[in-house]
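User: Could you take a close look at one part of this model for me? I'd like to hear about the aromatic residues and who sits next to whom.

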Amino acid sequence: MPPALCITGPCEVCGQTAHGKHFGAISCRACAAFFRRAGKRSSKSQDIVCSKGNCTTAEDGTFYCKACRLKKCHEVGMDSSRRPEMILPCEPENASTSKVIIDLSFLINKAVDVFNDSVYLPSPCNFGNSLEKMVWALEDLNAMRFDTKVEFQTKIGQHELFSFWEGSFIKTVKWFSKFPEFMELPMHVKLEIVKSSWLIWIRLDQQAHTANLRRKQFLGDDLSMSGEGRCLNLKSVEIDFGFITKYSNDQILAFMNPDKFKLWKLSIDELVKLNPTNVELNFMLIQLCLQHAQRKFPGEIRAAIEKLLEIQANNLHDYYVKTMKTPNYSGRLTKMMKILQIVERDIRSQREVAHLVRVFDVFFIDFSHPEMFEFF
């Protein structure tokens with residue numbers, strides 16, 4: 001264990017055993033929990049005044065005076081705007097060396113069934129190329145969005161997370177199943193591409209949906225879509241990690257990067273400004289997923305993906321020149337690529353976190369197909 005990763009010593013507030021760095025100061029869990037509640041500007045503790053003003057802890061380490069405890073928290077440098085910097089390796093007893101394996105075979109079997117089904121096409125249908133067909137596919141998958149009331153999601157737990165994973169994977173598979181050139185690939189190649197890219201696909205799909213609703217002023221700037229018919233506030237949503245780890249929520253959230261939503265928000269802001277057409281959005285989805293898969297797979301899969309990307313690049317050119325009568329589309333293309341670069345930066349960051357999670361056995365779950373969860 002690298003020495004620099006471990007923070008030890010007494011709590012700077014009460015003197016009890018510390019469990020890492022919270023809100024900018026070395027502290028125990030009790031003082032960290034106290035400051036999390038009392039340190040907020042809206043907390044009633046902010047209005048409490050102590051007549052003495054210099055209370056200390058009792059012999060058992062308990063700080064009975066809330067006003068003086070809060071004062072001490074501020075004196076040692078605690079700041080409510082900072083996330084707790086808990087370092088997980090300091091508590092090896094919480095590492096999960098025994099794993100519960102989540103079997104994802106049923107999802108793979110569903111994907112095979114979808115790919116083997118004949119593709120339904122609306123009648124009459126006349127698609128100029130496969131990119132136009134993908135536009136219809138995505139519109140068909142999202143047809144219920146405008147008939148569904150959006151619910152505010154306050155909690156993410158086991159049920160919510162597993163349901164989101166299943167729905168997102170199947171939606172991605174159905175979209176790929178309407179991709180003519182993709183469907184010509186061998187089944188094992190199709191499965192490998194989908195397994196490696198479904199989290200990326202749903203990421204951009206949800207961000208584009210969020211941007212569209214914000215543009216229409218149906219959704220506030222602090223809200224993001226979290227699934228079909230659901231939205232949440234990324235900063236305030238309650239996340240329960242208890243079903244996958246022994247570490248506390250604060251430890252997990254700090255370990256998984258305090259600024260993890262910064263790039264997510266940035267890509268949504270850029271999507272709002274770009275206001276992509278359905279053709280452009282589908283091209284971005286194809287580009288993002290296939291370029292990711294192309295970098296990952298060698299040989300025949302890489303060659304097949306390169307061909308698919310070339311076809312769609314030509315289709316986008318025809319869309320701008322023939323349909324939109326816009327031969328000078330470099331500005332739009334540059335903005336699209338900027339958004340994809342932001343998403344890719346976010347993915348790289350989350351992949352690094354996922355690697356550390358595996359190295360330090362943070363979670364006590366694993367997957368039968370780990371390649372489906374290279375990042376969160």
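Analyst: Here's a walk through the aromatic cluster, followed by a look at one helix pair.

Before we start, this is a predicted model: local features need pLDDT of at least 70, side-chain atom pairs count only at pLDDT 80 or more, and totals for chains, interfaces and linings use all residues. Residues are numbered from 1 along each chain as its sequence is written, and side-chain values use heavy atoms, with hydrogens and water left out.

The structure holds 15 aromatic pairs. Rings of Phe, Tyr and Trp (its six-membered ring) pair if their centres lie within 6.5 Å; planes under 30 degrees apart are stacked, over 60 edge-to-face, and the rest tilted. One cluster takes in F162, W165, F169, W198, F243, F367 and F373.

Let's begin with F169 and W198. Their ring centres are 5.7 Å apart and the planes stand at 85°, so this pair is edge-to-face. It ties together distant parts of the chain, with F169 in helix 5 (residues 158-176) and W198 in helix 7 (residues 187-215), 29 residues apart. Helices here are DSSP runs (H or I, at least four residues) and strands are too (E, at least two), numbered from the N terminus.

W198 also pairs edge-to-face with F373, at 5.5 Å centre to centre and 85° between the planes. That one links distant parts of the chain as well: W198 is in helix 7, while F373 is in the segment after strand 9 (365-367), 175 residues apart.

How about burial? Buried means under 20% relative accessible area, exposed over 50%, and partly exposed in between (1.4 Å probe, protein chains only). F169 and W198 are both buried, W198 with a relative accessible area of 1%. F373, at 8%, counts as buried too.

Now for the helix pair. Helix 9 (residues 262-274) and helix 12 (residues 330-359) pack at about 165°, with their axes 9 Å apart. Axes are lines fitted to C-alpha atoms, for helices over the stretch in contact, and angles run from 0 to 180 degrees between N-to-C directions. Helix 9 and helix 12 are therefore roughly antiparallel (over 145 degrees; under 35 is roughly parallel, 65 to 115 roughly perpendicular, the rest oblique). Residues in contact (heavy atoms within 4.5 Å) include L263, W264 and L266 from helix 9, and M336, I339 and I342 from helix 12.
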